[in-house]
Amino acid sequence: MNRRDWLSLVAVHSDSWLLSVAFFFGAPLTANERKRLFSMINDLPNVYESMVDRKHRDRSGVDSSGKSRHSSKPKVR
């Protein structure tokens with residue numbers, strides 16, 4: 001297995017684990033608090049998306065602004 005494939009698998013596994021932990025500790029929250037937690041988590045890019053986005057920027061060199069592609073999502077208050 002090459003390094004890039006292995007890192008992709010690690011990133012996907014890390015995303016899954018982090019979501020599981022977040023919702024395990026979010027279990028005692030109310031329904032509205034859980035919905036807010038889910039929205040806050042979805043506003044951020046996950047590990048895999050960050051890795052793929054970084055690889056894409058490294059290869060193309062086009063996106064030098066450093067802005068996240070998820071910056072256009074509305075913020076939850």
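# Briefing: a three-helix chain in a predicted model

Two aromatic pairs are counted in the chain. One of them joins F23 and F38 in a tilted arrangement, with 6.0 Å from centre to centre and 50° between the planes, and it links distant parts of the chain, since F23 belongs to helix α1 and F38 to helix α2 (residues 31–43), 15 residues apart. The structure is a predicted model, and every value below should be read as computed from that model.

**Overall architecture**

- The chain holds three helices and zero strands, and when it is read along the sequence the pattern is α-α-α.
- Of the 77 residues in the chain, 12% count as buried, while the exposed surface comes to about 6,500 Å², of which carbon and sulfur atoms supply 59%.
- If the contacts between residues at least 6 apart in sequence are taken together, 57% of them join residues at least 24 apart.

**Helix α1 and the annotated region**

- Helix α1 covers residues 3–25, and because each residue should add 1.5 Å, its 23 residues should span 33 Å, a value with which the 33 Å between its end C-alpha atoms agrees.
- The buried residues of α1 are S8, A11 and D15.
- An unreviewed UniProt entry places the feature "transmembrane region" at residues 6–31; in the model this stretch is 81% helix and 0% strand, with its end C-alpha atoms 37 Å apart.

**Aromatic residues**

- Both members of the tilted pair are partly exposed, F23 with a relative accessible area of 29% and F38 with a relative accessibility of 43%.
- The other pair is formed by F24 and F25, whose rings meet edge-to-face at 5.2 Å centre to centre, with 80° between the planes.
- F24 and F25 are each classed as exposed.

**D15 and its partners**

- D15 is found in helix α1, and it counts as buried because its relative accessible area of 13% falls under the 20% cut-off.
- Once neighbours within four places in sequence are left aside, the residues in contact with D15 are N46, V47 and Y48.
- A polar atom of the D15 side chain lies 3.1 Å from the backbone nitrogen of Y48.
- D15 and N46 are 31 residues apart along the chain, yet their C-alpha atoms are separated by 6.3 Å.

**N46 in the loop between α2 and α3**

- N46 sits in the loop between α2 and α3 (47–60), and with a relative accessible area of 31% it is partly exposed, whereas its contact partner D15 is buried.
- The side chain of N46 has a polar atom 3.3 Å from the backbone nitrogen of Y48, and a polar atom of that side chain also lies 2.7 Å from the backbone nitrogen of E49.
- The backbone nitrogen of Y48 therefore has two side-chain polar contacts within the 3.5 Å cut-off, one with D15 at 3.1 Å and one with N46 at 3.3 Å.

**N2 before helix α1**

- N2 is found in the segment before α1, where its relative accessible area of 43% makes it partly exposed.
- A polar atom of the N2 side chain lies 2.9 Å from the backbone nitrogen of D5.

Terms used. Residues are numbered from 1 along each chain as its sequence is written. This is a predicted model: local features need pLDDT of at least 70, side-chain atom pairs count only at pLDDT 80 or more; totals for chains, interfaces and linings use all residues. Side-chain values use heavy atoms; hydrogens and water are left out. Helices (H or I, at least four residues) and strands (E, at least two) are DSSP runs, numbered from the N terminus. The expected span of a helix is 1.5 Å times one less than its number of residues. Buried means under 20% relative accessible area, exposed over 50%, partly exposed in between (1.4 Å probe, protein chains only). Contact means heavy atoms within 4.5 Å. Accessible areas come from the Shrake-Rupley method with a 1.4 Å probe; for residues, only the protein chains shown count as cover. A polar contact is a pair of N or O atoms within 3.5 Å; within protein, one must be able to donate a hydrogen and the other to accept it, and residues adjacent in sequence count only if both atoms are side-chain atoms. Rings of Phe, Tyr and Trp (its six-membered ring) pair if their centres lie within 6.5 Å; planes under 30 degrees apart count as stacked, over 60 as edge-to-face and the rest as tilted. UniProt positions are given in the numbering used here, feature names are shortened, and annotations may be inferred rather than shown by experiment.
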